[in-house]
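Biologist: I would like to learn how labels get attached to parts of a structure. Can you show me, one term at a time?

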Protein chains: 2
Amino acid sequence: MEHKQFIEELQKRLGMSRKDVDGLLSDTLQIIKERSVVMDSFAIQGFGTFEPRKRAERVSVNPATGKRMLIPPKIVLTFKPGTLIKNKLKESTDNEQ
Amino acid sequence: MEHKQFIEELQKRLGMSRKDVDGLLSDTLQIIKERSVVMDSFAIQGFGTFEPRKRAERVSVNPATGKRMLIPPKIVLTFKPGTLIKNKLKESTDNEQ
């Protein structure tokens, strides 16, 4: 499902204008970005936890040339699905069998 | 940041009631769950992509007892941060150095 369909679906369910839904979504994402940048993890009940993790600096070797490169440290945003969504996905696999 | 603080922050920014924000969030998550269960990946512009992935059935060995166990197939929800959020996180690591 692409972004555009998602907005339309939200509009339908919430009975809100496109502008309101866009504003709402960008505010939500803005809060998550702000928290991630200060390394604060972020729990959304019934869904999961967004957790910024620091990847340390490391040496990597180019397999083609054998040249060694230093990869700088970086922060990656990880997502851990919550139990509710895990169970929902489990149900759907069980129904398939 | 816990769920409760997130809701309060959203209320403040959007000037919406608690009930509206709760409704909005649960509708958003509901859509993501519905799409994940039918193995449809889900792109949110400026944030990232939620992608359900099938983990095949596999044999696992209990290190303590050496007993072999069959782990059933399952669907896991993965998240791939988009470029916008990666760059934002990169900026924050660069500012630290």
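Modeller: What follows takes a few labels and sets each against its cut-off. Keep in mind that this is a predicted model.

Biologist: Let us start where the chains meet. How many residues does each chain give to the contact?

Modeller: Chain A gives 48 residues and chain B gives 48 residues. Together the two chains bury about 4500 Å². Carbon and sulfur atoms carry 71% of that area. On the side of chain B, B:Met1, B:Lys33 and B:Leu89 lose the most area to chain A, together 15% of what that side buries.

Biologist: Why give an area for an interface?

Modeller: The size of an interface is often stated as the accessible area lost when the parts come together.

Biologist: What makes up the polar side of this interface, in residue pairs and salt bridges?

Modeller: The rule finds 14 residue pairs in polar contact across the interface. It also finds 2 salt bridges there. On chain B, the elements that give two or more residues include helix H1 (3-14), helix H2 (18-37) and helix H3 (83-96). H2(B) gives the largest share, 14 residues. By type, that side of chain B divides into 25 nonpolar, 11 polar and 12 charged residues.

Biologist: Why is the pair of B:Arg13 and A:Glu34 called a salt bridge?

Modeller: The closest N and O atoms of B:Arg13 and A:Glu34 are 2.7 Å apart. The cut-off is 4 Å between a side-chain nitrogen of Lys or Arg and a carboxyl oxygen of Asp or Glu, so the pair qualifies.

Biologist: What does that pair join?

Modeller: B:Arg13 lies in helix H1 of chain B and A:Glu34 in helix H2 of chain A, so the pair joins two chains.

Biologist: Is B:Arg13 buried, exposed or partly exposed, and how do you know?

Modeller: B:Arg13 has a relative accessible area of 30%. Buried means under 20% and exposed means over 50%, so B:Arg13 is partly exposed. A:Glu34 also has 30% and is partly exposed.

Biologist: What makes A:Glu51 and A:Lys80 a salt bridge?

Modeller: The closest N and O atoms of A:Glu51 and A:Lys80 are 3.8 Å apart. That is within 4 Å, so the pair counts. A:Glu51 sits in strand S2 and A:Lys80 in strand S5 of chain A, so the pair ties together parts that are 29 residues apart in sequence. In chain B, B:Glu51 and B:Lys80 form a salt bridge too, with closest N and O atoms 3.8 Å apart.

Biologist: Why is B:Leu25 called buried?

Modeller: B:Leu25 has 6% relative accessibility. The cut-off is under 20%, so B:Leu25 counts as buried. B:Leu25 is in helix H2 of chain B. Leaving out residues up to four places away in sequence, B:Leu25 touches A:Ile44, B:His3, B:Phe6 and B:Ile7. B:Leu25 and B:Ile7 are 18 residues apart in sequence, yet 8.8 Å apart in space, C-alpha to C-alpha.

Biologist: How do you know that the span of helix H2 of chain A agrees with what is expected?

Modeller: Helix H2 of chain A has 20 residues, and at 1.5 Å a residue the helix should span 28 Å. Its end C-alpha atoms are 28 Å apart, so the two agree. The buried residues of H2(A) include A:Leu24, A:Leu25, A:Thr28 and A:Leu29. After H2(A) comes A:Met39, with a positive phi near 60 degrees.

Definitions and conventions
Residues numbered from 1 in each chain as written. Chains lettered and ligands numbered in written order. Predicted model: local features only at pLDDT ≥ 70, side-chain atom pairs only at ≥ 80, totals over all residues. Heavy atoms only, no water. Contact = heavy atoms within 4.5 Å. Buried area = accessible area lost by both parts, 1.4 Å probe. Polar contact = N/O pair within 3.5 Å; in protein donor to acceptor, adjacent residues only side chain to side chain. Helix = DSSP H or I, 4+ residues; strand = E, 2+ residues; numbered from the N terminus. Nonpolar A, V, L, I, M, F, W, Y, C, P; charged D, E, K, R; others polar. Buried < 20%, exposed > 50% of the residue type's maximum accessible area, 1.4 Å probe, protein only. Expected span 1.5 Å × (residues − 1).
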